[in-house]
2 protein chains.
Amino acid sequence: MMLDDRKIKILAAVVHDYIATAEPIGSRTIARKYRIGISPATIRNEMADLEELGYLSQPHTSAGRVPSHKGYRFYVDFLMPVKKLSAAEHGLIRQIFDKRVNELEQLVREAARVISNLTSYTTLTMGPQLKSSRLKHINVNRIDETKGLLLMVTNYGTVSHNIIEMPQNLNDSDLVRISNILNDNLVGKTLLEITSDIMDNIKNEMIEYDEILNMLLEILIENLDEEDERSKVVSTGSSKMLDYPEFQDVEKAKNFFSLLEKSDLMTKALKTSTKPAAINITIGSENPFTELQDFSIVTSNIMVDGKDLGVFGILGPTRMEYSRVVSILEHVTNYLIKALSTML
Amino acid sequence: MMLDDRKIKILAAVVHDYIATAEPIGSRTIARKYRIGISPATIRNEMADLEELGYLSQPHTSAGRVPSHKGYRFYVDFLMPVKKLSAAEHGLIRQIFDKRVNELEQLVREAARVISNLTSYTTLTMGPQLKSSRLKHINVNRIDETKGLLLMVTNYGTVSHNIIEMPQNLNDSDLVRISNILNDNLVGKTLLEITSDIMDNIKNEMIEYDEILNMLLEILIENLDEEDERSKVVSTGSSKMLDYPEFQDVEKAKNFFSLLEKSDLMTKALKTSTKPAAINITIGSENPFTELQDFSIVTSNIMVDGKDLGVFGILGPTRMEYSRVVSILEHVTNYLIKALSTML
DNA sequence: TTTAGCACTCTCCAACTTAGAGTGCTAAAT
DNA sequence: ATTTAGCACTCTAAGTTGGAGAGTGCTAAA
């Protein structure tokens, strides 16, 4: 079911033009703008064929043609040019990683902002599933007479801190002992594995610290929920979408924003569209979630040493500048992976 | 220039109805809905007077009347009923403070979310100016062979952490010494006061730790900029605005969103509208910034022990449910202040 | 001083018209 | 056997027109 050369040229022209203008494109325009060397009439015949084959569609009888999802798919798989980024764009991306930033979250946030600025679409980010992350370091510090600080670092490089009430009867060497015990018993475990069982063991080892250990356990459990919160999908640059003709209708815009707020949906969308491949493109109705079938999503996972540190996703209209988006995403992801692999 | 009783009743009716419906309101409607006991004709005469006095205005000759900014101001100052919150609303607010949350930022974020849900307007929040906050605790922890963690806590209860590269030649007791020295020299100072001068002093005291101290100084300086970032205005619930008739025009909506992105403008707006009073209302053209003159802003500062810990602001159309907004803001702020004063 | 009555103004909306873009089909041209 | 010119046809977008309805201000009567 391959297309002949002329059909391909016409399909490419339609996709290219529609991505740029958002207007249905007619035979006359193709003949004028993309010199293929055949008359509008012939182009019309070819377009009728392409429509029958499912690559194009017509908003109404006397309008030009618009690519169908199948049309975009063909374009993405076979026709899409590799878009070179300009020096300025390169510079913007590199700039994020020049700063000495040592934390995953911040780096990802910055990257999302730049992606969103460069593409003018909405960028989605999802952090690593912290339930599966392993504790790398844990300790308790004293801040003042009554307050302390519980500090945890995971192997993903995420840091979390919690201010705690300090039992009065603990001195500094107690804290060092507690920190050491916690480290010895908990480091290397995933946050899910740290249950009351393990904590009971520790408590048995150190009955004298019962009070504070109970408190810490409680905080650990609370953190689990919260961290889940943290690993949720965050969207950046959503207001940019209002510039696109697709969202000139306020209803559409509202619909889009409320979509972004359905964080479980967005989480699933980012997860399922992430096959092993580096870059993943889901076009319109290819998406299993009906609410997202008017959009396209391009995702890219951040894999470092086999660890899945999260996903970038770009959410935009099906009429998306795929080639630009893909190369921007590729670049940012590569830089980020490089930065992270020296960091972790 | 006081209004007589009948004019006040009519003004109240217009403001009340316009806040509810966003439609200009005519003499007939007032006579029907708000039984004042006079005929539409008389109401017309009174409304003509109110218009001449500047309390009402007419979108066009044959439309009803709409409150002017002066009209809203009169309403807010003299007519506004005290809105009692429902039990459910009370519950939602209380709920935030039931969780054991020990951090200012998180608490504020939660509070903003609830305010935005309850009012359906956009909530703005601004943290304390960290440049003026005082260091309460600082120390350096080791995470693994090559990595360490610089930890800082301010008197406002904000915590910041930075992962750092550890020089190889430091052992654990070195870290304790460094932490102690830093604490002794820096605690109590504002972040602005911590300049290279002070650090030079410390370095002189401990020439052997030159390398790590230089690094820490660099991080401190970087943090200053970043913390500024943190104390910037954050907006919550902006997409809710799309429900209001004021923003049915996409241009208007776009304009609103790009306004939110001008963070320096929003910062100034929150600062200047904050006189000593607890709650501050700025209506339309009362705002010194022309871009904001189509909106009203209600602010409330979080003052604990004379320390300014930040500001809540609600941004909405001039046609805003002032009484609801004010009482919600009062409640949340009071709860928050109570929570913080036990915390800090 | 208040009110009924009425002419007047302005907006909103639905119905209609027109220009323009694009199509599909047919028949002629290559 | 393709390709192309020509043409009738269709559909939309953008006016234009003409009430209907809401609301006003003024005048004169209550």
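Biologist: Which residues point one way from β5(B), and which the other way?

Modeller: Lys147(B), Leu149(B), Leu151(B) and Val153(B) point one way, and Gly148(B), Leu150(B), Met152(B) and Thr154(B) the other way. The model is predicted, so local features need pLDDT of at least 70 and side-chain atom pairs pLDDT 80 or more, while totals for chains, interfaces and linings use all residues. Residues are numbered from 1 along each chain as its sequence is written, chains are lettered from A and ligands numbered from 1 in the order in which they are written, and side-chain values use heavy atoms, without hydrogens and water.

Biologist: Why is β5(B) called mostly covered?

Modeller: Buried means under 20% relative accessible area, against over 50% for exposed and in between for partly exposed (1.4 Å probe, protein chains only). Eight of the eight residues of β5(B), 147–154, are buried. Therefore each of them is under 20%.

Biologist: What makes β5(B) a strand, and what makes β4(B) its partner?

Modeller: A strand is a DSSP run of E with at least two residues, and a helix a run of H or I with at least four, numbered from the N terminus. Two strands pair if DSSP finds at least two bridges between them. β4(B) and β5(B) have seven and run antiparallel, so they pair. Asn141(B) has Leu149(B) as its bridge partner.

Biologist: How do you know that β5(B) pairs with β6(B)?

Modeller: Seven bridges join β5(B) to β6(B), residues 159–165, in the antiparallel sense, so the requirement of at least two is met. Leu150(B) stands opposite Asn162(B). The two strands form a hairpin with four residues between them, and Gly157(B) in the turn has a positive phi of about 85°.

Biologist: What makes a residue count as near DNA strand C?

Modeller: One of its heavy atoms must lie within 4 Å of the strand. 21 residues surround DNA strand C, with Ser27(A) and Arg6(B) among the closest. α3(B) gives the most to this surface, with four residues.

Biologist: Why is the pair between Ser27(A) and DNA strand C called a polar contact?

Modeller: A polar contact is a pair of N or O atoms within 3.5 Å; within protein, one must be able to donate a hydrogen and the other to accept it, and residues adjacent in sequence count only if both atoms are side-chain atoms. A side-chain N or O atom of Ser27(A) is 2.8 Å from a phosphate oxygen, so the pair qualifies. For Arg6(B) the distance to a phosphate oxygen is 2.9 Å, so that pair qualifies too.
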